[in-house]
Structures are given as C-alpha cells and as structure tokens.
Amino acid sequence: MSSKDQAIFSKEALLSTKPGKEIVKQGLFKSKGYRQFDKYKKEAENEFPNFIKRFTSDLLREIKSDTTPNRTQEEFAYEIGTDEIILDKSRIESVKTRLENHEVLADRVSRILNSNFVKMTFPVFSALYDASTEYFSDKEDSQLRMDIVDGHIIAIDLSEPMDRIMDRDEDLEYLEDYKLMNPYVLKIARSKIAKGGKTVMEEFERGFKDARVGQYLDFKLKTRANSISEEDMMQCYKKYRAVMGTAGKNMALARGPLGEIFYLGMAKAAESVGCGNEIEDSIRSKIVKIPSWPLYYSVLSNDVKKGFELTMQKSNLYLSEARLALELLPSKFSYRDFLEFLFLTVEHYNLYWFNQLQKENLWQEFSANLPK
C-alpha cells in the first residue's frame with residue numbers, strides 16, 4: 001500500500017489491526033486481490049517520478065507563457081467564489097519569477113503531491129481504468145489512459161494547496177507560491193481530462209463545482225465550530241464524494257452502469273478515509289480538527305472519547321456503503337478482488353489511526369481545547 005506515511009502499512013502496523021492481519025494473510029497466500037493490488041502499486045511507484053516530471057514541466061510552461069498573470073488570478077477567484085486564496089497583485093511578479101526556476105517549482109510540486117489521497121489513489125485509478133477497458137472491450141490507448149489518470153490526480157491534488165492556504169497549518173513559507181500555482185494546476189487538469197470527451201468533461205465540471213461548495217463550507221465552519229449541524233458535515237464531505245466519486249466514474253469514461261458503480265465505491269471509500277484522516281490530523285495537531293465528525297460528535301455528547309468512537313462507527317457506515325458497490329458489479333467482473341482488497345486497506349488505515357489515538361491518550365488535551 002502507498003501513503004504519505006509508509007509506517008501505516010508496515011508489517012508491524014498491519015498486524016495491529018484485524019483488516020491488516022487479513023491483508024498480511026492475503027499477501028502470504030498471494031490472493032488474486034493482493035496480486036492485482038501489488039501489480040498496480042508497483043506500477044504507480046515506478047511511474048510516480050515520471051508523473052512528477054510531467055506535471056512540473058506542464059506547470060512551468062503554463063506559468064512562463066502567461067503574459068497576464070493578474071487576470072489569471074482574478075478569473076480563478078471568480079470561479080472559486082472567493083478572493084481569499086489568490087495572490088496579492090503586488091506580489092505576482094516576484095513569485096512568478098521565483099517559480100520560473102525549474103528546481104524551485106519541482107520542490108513545490110513534490111510538496112503538494114505528498115498527500116495520502118494522491119498516493120493512495122494513483123494506483124487505484126489506473127486499475128479502474130484498465131477494468132473499464134476490459135469490460136467495454138475498448139481498444140487500448142496508453143496516451144488516453146495517462147491523460148485521464150494524470151488529469152484526475154492533478155485535480156485531486158489541487159485541494160492540497162487550497163487547503164493549506166485556507167487552514168494556514170503547514171507550509172506557511174510556500175503559501176504565496178501555491179496561490180500563484182493554483183489556476184495553472186486546474187488548467188492542466190482540465191486539459192488532460194478533456195481528452196476523454198464531452199461527457200467526461202461535463203462530469204468533471206459538475207464534480208468540481210460540488211467539491212468547491214464542500215471545501216468553502218469547510219473553511220467557513222471554522223468560525224462557528226460549536227454550532228455545526230449534521231447537514232453541514234454532509235455538505236462539507238461533498239469535497240470527498242465529488243472529487244473521488246467523479247474520478248472513479250471517469251475512469252470508465254462516464255459510461256453506465258460501470259461508471260456509476262465506480263462512483264459509489266470511490267465516493268464512499270473516500271468519505272470513510274476522510275474520517276480516518278480527521279483522526280490522524282487531530283493526533284498530529286493535538287486538537288480536535290475543525291470541522292470534523294469527531295468534533296461534531298464530541299460537542300453533541302460533551303464527551304471527546306465518545307466523539308471519536310462514533311467517528312469510527314461513521315467511517316464503517318461509509319465503508320459499508322462502498323462495499324455495496326461490490327454487489328452491483330457485473331458478473332465475472334475480473335477486478336472485484338482488487339476492490340475488495342482496496343476496501344481492506346481503507347479499513348486498516350482508519351483502525352490504525354484510531355488505535356494510535358488510544359495510545360496517545362490525548363483526551364484531556366482534546367477536551368480542554370474544544371470550542372466553547
């Protein structure tokens with residue numbers, strides 16, 4: 001498995017959870033799901049450096065060729081619906097000059113690609129695309145495969161610099177660079193995804209719009225952390241459903257019924273991982289993440305420990321819905337075992353961080369820092 005922190009999927013870590021033990025067992029006996037997953041994991045590890053190079057080169061070309069960078073920032077602000085994440089006009093030229101250095105830009109690209117959602121989904125998208133190609137008996141097209149996978153990974157990666165800008169919780173010295181990069185990252189993603197045709201592009205735009213709604217609400221909820229409703233959280237999680245679900249659908253080039261089944265599986269798996277990510281972030285910052293399911297449940301119950309326990313239940317509900325997708329797959333679908341194995345890795349990821357939380361024993365600290 002691939003993630004930002006490889007220790008999560010070490011043998012020792014895997015043996016610490018029930019799903020992890022099942023992963024180890026399947027690895028020992030070389031199950032079909034393990035073999036399929038391992039194939040795409042190795043492919044992704046080999047291809048990722050090339051992907052970084054392609055992404056950096058495309059980004060450098062876009063930045064250098066833009067003769068009206070201020071207009072680019074303004075248009076991006078209009079589309080996103082806020083000018084809080086764009087670069088001040090007086091800073092554009094100096095930041096643009098800095099990022100026109102290939103080594104500097106490559107460093108920034110590597111930083112935003114250091115993301116669980118990017119690293120955990122890169123091999124998955126390739127597998128889903130191949131599964132679709134086989135199911136629909138498509139003619140193999142390696143360039144289209146690369147464009148569709150790259151485009152959606154880049155689109156997902158756009159959330160990283162945007163989150164860091166709004167949250168101001170990491171990479172503070174690079175936020176100006178990220179502000180300048182964002183419009184070009186989106187442009188590159190769109191250019192690649194458009195190779196899939198009109199329907200694929202329409203699905204992406206619909207998903208991107210929903211993701212913006214979720215991400216902006218996430219930002220706004222930080223100002224009223226003690227009055228978050230369930231509807232707020234459901235809307236907030238649009239960012240996971242829309243981005244990952246849409247990517248899953250577009251790996252089938254938005255063709256039904258397989259595309260919709262991929263949407264369901266990826267959207268709900270992403271929401272489940274979102275719960276685990278909230279637990280991980282809370283441990284790292286030593287404060288219950290705002291907004292998050294742990295915060296929502298902790299405030300309602302006035303019990304932080306119970307809040308995190310209920311979050312684990314929520315993550316399992318999401319994962320149960322993701323597993324419904326397996327029941328909807330066509331008969332004799334040859335990638336079913338791959339998806340079953342994938343969902344095991346999601347279950348392990350969440351349970352690993354929940355177990356780490358018990359060891360850290362941060363309950364008093366969490367309680368003291370709850371919003372009043």
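Student: How does the lining of the second largest cavity divide by class into nonpolar, polar and charged residues?

Tutor: Start with the class of each lining residue, then count. This is a predicted model. Here the lining has 9 nonpolar residues, 1 polar residue and no charged ones.

Student: Which residues line the second largest cavity?

Tutor: Leu 128, Ile 261, Phe 262, Gly 265, Met 266, Ala 325, Leu 326, Leu 329, Leu 339 and Phe 343. Next, trace them back to their elements. Helix 14, helix 16 (304-328) and helix 17 (336-360) each give two or more residues to this lining. Helix 14 gives the most, with 4 residues.

Student: How much space lies in that cavity, and how many cavities of 30 Å³ or more does the structure hold?

Tutor: About 60 Å³ lies in the second largest cavity. The structure holds 4 cavities of 30 Å³ or more.

Student: Now the pocket. What is the volume of the largest pocket?

Tutor: A volume of about 1,100 Å³. Then look at the centre. The lining counts 40 residues, and the closest to the centre of the pocket are Glu 160, Asp 163, Asn 277, Asp 281 and Lys 289.

Student: Which elements give two or more residues to the lining of the largest pocket?

Tutor: Helix 7 (116-135), helix 8 (142-157), helix 9 (159-167), helix 11 (198-221), helix 13 (238-251) and helix 14 (258-285). Helix 11 supplies the largest share, 7 residues.

Student: How do the residues of that lining divide by class?

Tutor: Into 15 nonpolar, 10 polar and 15 charged residues. Set that beside the second largest cavity, whose lining has no charged residues.

Student: What about the nonpolar core? Which residues have the most contacts inside the largest one?

Tutor: For a core, look for its best-connected members. The largest nonpolar core has 122 residues, and Phe 55, Leu 59, Phe 125, Met 181 and Phe 308 have the most contacts inside it. Helix 17 gives the most to this core, with 12 residues.

Student: Which residues does Met 181 touch, leaving out those up to four places away in sequence?

Tutor: Leu 59, Leu 99, Leu 105, Arg 108, Val 109 and Ile 112.

Student: One last residue. Is Thr 82 buried or exposed?

Tutor: Compare its relative accessibility with the cut-off. Buried means under 20%. Thr 82 has 7% relative accessibility, so Thr 82 counts as buried. Thr 82 sits in the loop between helix 4 (69-80) and helix 5 (92-99).

Student: What does the side chain of Thr 82 reach?

Tutor: The backbone nitrogen of Glu 84, at 3.0 Å. Leaving out residues up to four places away in sequence, Thr 82 touches Ala 77 and Tyr 216.

Note on methods
Residues numbered from 1 in each chain as written. Predicted model: local features only at pLDDT ≥ 70, side-chain atom pairs only at ≥ 80, totals over all residues. Heavy atoms only, no water. 1 Å grid on protein atoms, 1.4 Å probe; cavity = no way out; pocket = protein on both sides within 12 Å on 5 of 7 lines; lining within 4 Å. Points joined across faces, edges and corners; volume = space filled by probe spheres on them. Nonpolar A, V, L, I, M, F, W, Y, C, P; charged D, E, K, R; others polar. Buried < 20%, exposed > 50% of the residue type's maximum accessible area, 1.4 Å probe, protein only. Polar contact = N/O pair within 3.5 Å; in protein donor to acceptor, adjacent residues only side chain to side chain. Contact = heavy atoms within 4.5 Å. Core = buried A, V, L, I, M, F, W, Y, C linked by side-chain atoms within 4.5 Å.
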